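Me: I would like a careful look at one part of this protein, with the cut-offs stated as they come up. Please put that part in the setting of the whole chain before going into detail.

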Amino acid sequence: MARSQTNRWLQNLPIAVGMAIGVGLFVNRLWTPQISEWQARSDVAGTIACAFLILTGLLWQRVQPKLPDAVELTGPEGFELAPDLDRPLQVELAWASHLLLTNTVTRSVVVYRGDCTAGQTLLRRGVLGPQAIVKPGPIVQRAINKQQPIYLVDLKVYPGRIEFDYLPENTQGVIVQPLGDRGVLILGANAPRSYTNQDERWIAGIADKLANSIAAATL
């Protein structure tokens, strides 16, 4: 939050300085009974500088838009693994979830193995939701059936958000990433519109690795 306030202050600084100089030039002109040639040239230069500063501030505000506000997700912190998993798969899931939690805006990770009718929750990590068991709803089912990721950029505007009761109640954004035909990786973020295209590609790569590990463990 402090960083956001600092950035906003820096963006407004050129505008404030430009307006202050402009007011100073105007007052000086009013209180000067006779304008000399050199003062007129100085006023022109000062006016140009004011306009440049104000324009710079306006451009900064357009080039550096306000970032979405992050929230503190509600729920306990935890790390749960299905007890019957092979040790290599446990290590793989722990490694992947740690990377996602520490290198992206992800604050809650869920891994589900199975199809739309039956399956098992393999992992829950980060901020945990009220429900421990994943019951795939229409959105998760569509991602599994079509084998394509679904990114809900601002969860609160989607009526289907009620199916994600295994994520924190105030989750802001969700990525549903298929794990091949073996399940799905579900990520909850603490800010809307916060995953970049690079994040999505990176998450897809981790999901491919997890899909291979889950397939090997179930052979």
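From the N terminus on, in what order do the elements of the protein run? After that, please look closely at helix H4: which of its residues are buried, and which elements do these residues pack against?

Reply: This is a predicted model, in which local features need pLDDT of at least 70 and side-chain atom pairs count only at pLDDT 80 or more, whereas totals for chains, interfaces and linings use all residues. Residues are numbered from 1 along each chain as its sequence is written, and side-chain values use heavy atoms, with hydrogens and water left out.

From the N terminus on, the order is α-α-β-α-β-β-α-β-β-β-α, made up of five helices and six strands. Helices (H or I, at least four residues) and strands (E, at least two) are DSSP runs, numbered from the N terminus. Of the 219 residues in the protein, 40% are buried; here buried means under 20% relative accessible area, exposed means over 50%, and partly exposed is in between, with a 1.4 Å probe and protein chains only. Where contacts join residues at least 6 apart in sequence, 67% of them link residues at least 24 apart, a contact being heavy atoms within 4.5 Å.

Turning to H4, its buried residues are Ile139, Val140, Ala143 and Ile144. Seen down the helix axis, these buried residues fall within an arc of 135°, so they line one face of H4; the arc is that of the directions from the helix axis to the C-beta atoms. An α-helix has 3.6 residues a turn, so residues three or four places apart point the same way. The face turned away from the buried side of H4 carries Pro138, Asn145 and Lys146, which are exposed. On the inner side, the buried residues of H4 pack against E2, E4, strand E5 (173-178) and E6.

Just after H4 comes Gln147, with a positive phi of about 55°, in the loop that leads from helix H4 (138-146) to strand E4 (150-152). Most residues other than glycine have a negative phi, and most peptide bonds are trans. Gln147 counts as partly exposed because its relative accessibility is 40%. Another positive phi in a residue other than glycine, near 50°, is that of Arg193, in the loop between E6 and H5.

The nonpolar cores give the wider setting. A nonpolar core is a set of buried Ala, Val, Leu, Ile, Met, Phe, Trp, Tyr and Cys residues joined through side-chain atoms within 4.5 Å. The largest has 23 residues, of which Leu93, Val111, Leu179, Leu185 and Leu187 touch the most other members. Two or more residues of this core come from each of helix H3 (87-103), strand E2 (106-114), strand E3 (119-127), strand E6 (183-189) and helix H5 (197-218), and H5 gives the most, with six residues. Apart from this core lies another, of 17 residues, and Ile139 of the buried face described above is among its members, as are Val134, Ile150 and Val176.

Leu185, leaving aside its neighbours within four places in sequence, is in contact with residues including Leu100, Val110, Val176, Ile203 and Ala207. Val176 thus appears both as a contact of Leu185 and as a member of the core of 17 residues.
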